[in-house]
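Grab a viewer and work through a few exercises on the fold shown below. Try each one yourself before you read the solution.

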Amino acid sequence: MTRVTMSDVARMVGTSKKTISRVLNNDPNVSESLRQRVQSAVEALNYRPLTSARSLASNRSFMIGLLYDNRSPSYIMEVQAGVLEACEAQHYSMMVQPLVSAAADFVERVEDILTRHQPDGLILTPPITDHPPLLDCLHENGVPFASIAPRQPENCIGVMLREREAAAAMVDHLVSLGHRRIAHILGDPEHGAGIWRLAGYRDGLERAGLKEDPAYMVQGRFSFESGVEAMRQLLALPHRPTAVFAGDDDMAVGAIWAAAEAGVSIPRDMSICGFDDTTMATQVWPPLTTIHQPVREMGRRATQELLLRVLNKGEPRMVEVDYNMCIRASTAPPSQR
């Protein structure tokens, strides 16, 4: 099969290769009518530019790096899907790099990635979004980056959710069902999400006139295993909670598993809910009541904001996305037995 070249596109449009190159490299001085004509020709000919040639012409790698240190595979898969969607829309590639942000050589590892792969920019996910030495390094070296759910969104570009408000809304839901003994499995304290969701839990209790009970606040780590262990602790209490709000779906599913292990029926004996609305929320039984966090959309929007900066196509900003309550079968009024 003969490969379509830039010369073929230029002939079809009736212009030069240099002009086609300017359009494909997002030159802001190209007219919209010409851009549309070139795009139509690219699609008609199924033209795929060589990344190596584009890199030489523009001094860019046409690659975005996604850095993560997260125990939730479902969360990371959704972020990746969104980042990839935004990259492909601009003919960019995505590089995914798992890291351990607590490691002594973490910043050096990132510097090595930047040296070897030279991405045009980075997408940072929690808790990497809040790693001061790394942020200082990126600023000092002029590396463009976008953050997903940073603790301090001021002067950042990327995307965030009103997580504290969403967590409080979940407690409101449990209270509306009649629950008064409501426990919380906390997320990782190194994540902004863990801090915001705990704050929202406390807001919800305060709104309902309920006192905090330290025994009902058990530390988790945004992982299935930590949800299992936290639920075992709650089930061992002399006065068990009637409802458990886990800081994410992985911990909520772990809590459901531990409840089944102990012969506790959900939601007849205890209600359980989570946060994120990952794919497992509808795969577990009973289906999980949770907060829908549009993780894929957040990955896509963060990448779009980053590419605005990289390609000088607009003014990037910190975007705020909405949440939705997903009420399913894992929550119900408390048993009167």
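The exercises go from the whole chain to helix pairs, single helices and one strand residue.

This is a predicted model, in which local features need pLDDT of at least 70, side-chain atom pairs count only at pLDDT 80 or more, and totals for chains, interfaces and linings use all residues. Residues are numbered from 1 along each chain as its sequence is written, and side-chain values use heavy atoms, with hydrogens and water left out.

**Exercise 1. Describe the overall build of the protein chain.**

Step 1: Count the elements. There are 12 helices and 12 strands, where helices (H or I, at least four residues) and strands (E, at least two) are DSSP runs numbered from the N terminus.

Step 2: Box it. Along the principal axes, the C-alpha atoms fill roughly 80 × 40 × 35 Å.

Step 3: Check burial. Of the 337 residues, 54% are buried (under 20% relative accessible area; exposed is over 50%, partly exposed in between, with a 1.4 Å probe and protein chains only).

Step 4: Look at contacts, meaning heavy atoms within 4.5 Å. Among those between residues at least 6 apart in sequence, 73% join residues at least 24 apart.

**Exercise 2. Work out how α2 and α3 cross.**

Step 1: Take the axes, which are lines fitted to C-alpha atoms, for helices over the stretch in contact, with angles from 0 to 180 degrees between N-to-C directions. Those of α2 (residues 17-24) and α3 (residues 32-45) come within 10 Å and cross at roughly 95 degrees.

Step 2: Classify the angle. Under 35 degrees is roughly parallel, over 145 roughly antiparallel, 65 to 115 roughly perpendicular and the rest oblique. So α2 and α3 are roughly perpendicular to each other.

Step 3: List the partners. Thr19, Ile20, Val23 and Leu24 of α2 meet Leu34, Arg35, Val38 and Val42 of α3.

Step 4: Sort them. The α2–α3 contact has 6 nonpolar, 1 polar and 1 charged residue (Ala, Val, Leu, Ile, Met, Phe, Trp, Tyr, Cys and Pro are nonpolar; Asp, Glu, Lys and Arg are charged; the others, Gly among them, are polar).

**Exercise 3. Do the same for α8 and α9.**

Step 1: Their axes lie 7 Å apart, at an angle of about 40 degrees. That makes α8 oblique to α9.

Step 2: Tally the residues in the α8–α9 contact: 9 nonpolar, 2 polar and 6 charged.

**Exercise 4. Test the length of α9, then see what it packs on.**

Step 1: The expected span is 1.5 Å times one less than the number of residues. For the 16 residues of α9 (residues 192-207) that should give 22 Å, and the end C-alpha atoms are 22 Å apart, which agrees.

Step 2: Pick out the buried residues of α9, among them Trp196, Leu198 and Tyr201. The buried residues pack against α8 (163-177), β6 (182-186), β7 (217-219) and β8 (243-246).

Step 3: Go just past the end of α9, where glycine 209 has a positive phi of about 75 degrees.

**Exercise 5. Place leucine 124.**

Step 1: Leucine 124 sits in strand β3. With a relative accessible area of 0%, leucine 124 is buried.

Step 2: Leave aside neighbours within four places in sequence. The contacts of leucine 124 then include Leu67, Leu134, Phe145 and Ile148.

Step 3: Find β3 from the other side. The buried residues of α12 pack against β3 (121-124), with β1 (63-68) and β4 (145-148) also among their partners.
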